[in-house]
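Good morning, colleagues. Please take a moment to look at the structure on the screen, and I shall then guide you through it.

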Amino acid sequence: MISYRWCEQLVDDDRAEVLELVRTAADYDHEAGFTAIPAADVEAVSRAGVVVWHLPIKARRDLSARDDAPMLVVAYLHLSIDDSGQGSVAYVVHPDYRSRGVTTMLVEELGIDVTQPGGWVGTGATALRAWAYGSHPASERLTGRFGIEAVRRLWTLSRNLTGPFAVDLAPASVPAGYAVNEASDMVAVTEIVGVAGLPTRQAAEVSDGIASGTGSVLIASDQGGQPVGFVWFDPELHEHLELRAAWVRALVLTPQSRGSGLGTALLTRALEELEAVGAQTSLIRIDPEDEGAVRMLRLLSYEQEDAHACFQVGVWKEGVES
């Protein structure tokens, strides 16, 4: 019913079909907030410290049993493996082929054994993690069937900035002894990320996202000029539940600056700027186990909107987080 072949780089027709698939799926899933694979991942190749594998999954059009029906890419799996053998998986199925057994068949054929020589199906991965964004019933059914456990969770929270359900945004002064600089400074960002205790993959995503020039950054420093925190937000508007929405991508503080009110001040400044560009609602993702962050966001009238789970196969080495 399905066919697939691992490759180190997608080329020609396969590359074009996979790019079209991830774009179609991203558009289809945008409102629900399900996992999306960036086009850059489709183009990626192995580099120092990261081994990349691509797996386009094909089936005959409409899952036909006729031998003359054309073969199409109906799903795509992206695997990146670090030097420790930790494999990060991203996976998507074309909207027209969901709930039709494609993923179940793929897992049944590949298996989830990461202990065999050569790692998972010979890719070198000795452990796997995959994020399922959004409350997707298919991911819950699949992971339950194969006994794949969730090891981390995230929440998406939202706050209305305008309209009948909006709460007025109270001014928040920068605490004494701190200053906020509106100019983006990658050296400062790197310093803050380095001591903030973020999981490895999250730290890389935040640093890479800011370095790419996406969005805006406000950086806080102490009275000695040492950077101690930043908020990264994206003024680009998109539609969410029929509202103009914008993301606060990250709020990161060094341990010594937490509990001072600096996080509230930075986030309030970001929300003021998002409201000024026409955002009707703000979105942010947080770790629900971060009690301080949850409390701060509740006090700022954020409400939980969605939940996300990171599923794991094998033993993830302590200190190496996804």
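**From overall fold to a single loop residue**

In the protein chain, 71% of the contacts with a separation of 6 or more are made by residues 24 or more positions apart. I should say at once that what you see is a predicted model.

Let me turn to the overall architecture. The protein chain contains eight helices and twelve strands. Its radius of gyration is 21 Å, close to the 20 Å that the globule rule gives for 322 residues, so the chain is as compact as a globular protein of that length. Measured out along the principal axes, the C-alpha trace spans about 70 × 45 × 35 Å.

Next, the surface and the interior. Of the 322 residues in the chain, 43% are buried. The accessible surface amounts to about 16300 Å², and carbon and sulfur atoms hold 50% of that area. As for charge, the chain has 25 positive and 45 negative charges, and the mean positions of the two sets lie 4 Å apart.

I come now to the nonpolar cores. Which residues have the most contacts inside the largest one? They are Trp6, Leu55, Ile57, Leu77, Leu79, Trp120 and Leu128, in a core of 26 residues. At least two residues of this core come from each of several elements, namely strands S2 (50–60), S3 (71–82), S4 (86–93), S5 (127–132) and S12 (303–314), together with helix H3 (102–110). Strand S3 makes the largest contribution, with five residues.

Leucine 77 deserves a closer look. Setting aside neighbours within four places in sequence, leucine 77 is in contact with Trp6, Trp53, His54, Leu55, Ile57, Val89, Ala90, Tyr91 and Trp120. Apart from the largest core there is another, of 25 residues, and its members include Leu274, Ala279, Val294 and Leu297.

Finally, I would draw your attention to leucine 241. This residue is found in the loop that joins strand S9 (227–240) to strand S10 (243–253). Is leucine 241 buried or exposed? The relative accessible area of leucine 241 is 52%, and a residue counts as exposed when that value is over 50%, so leucine 241 is exposed. Leaving out residues up to four places away in sequence, leucine 241 touches Glu31 and Glu305. Glutamate 149, by contrast, is 92 residues from leucine 241 along the chain, and the C-alpha atoms of the two are separated by 31 Å.

Thank you for your attention.

Notes. Residues numbered from 1 in each chain as written. Predicted model: local features only at pLDDT ≥ 70, side-chain atom pairs only at ≥ 80, totals over all residues. Heavy atoms only, no water. Helix = DSSP H or I, 4+ residues; strand = E, 2+ residues; numbered from the N terminus. Rg over C-alpha atoms; globule rule 2.2 N^0.38 Å. Buried < 20%, exposed > 50% of the residue type's maximum accessible area, 1.4 Å probe, protein only. Contact = heavy atoms within 4.5 Å. Areas by Shrake-Rupley, 256 points an atom, 1.4 Å probe, with all protein chains shown as cover. Lys, Arg positive; Asp, Glu negative; His and termini not counted. Charge placed at Lys NZ, Arg CZ, Asp CG, Glu CD. Core = buried A, V, L, I, M, F, W, Y, C linked by side-chain atoms within 4.5 Å.
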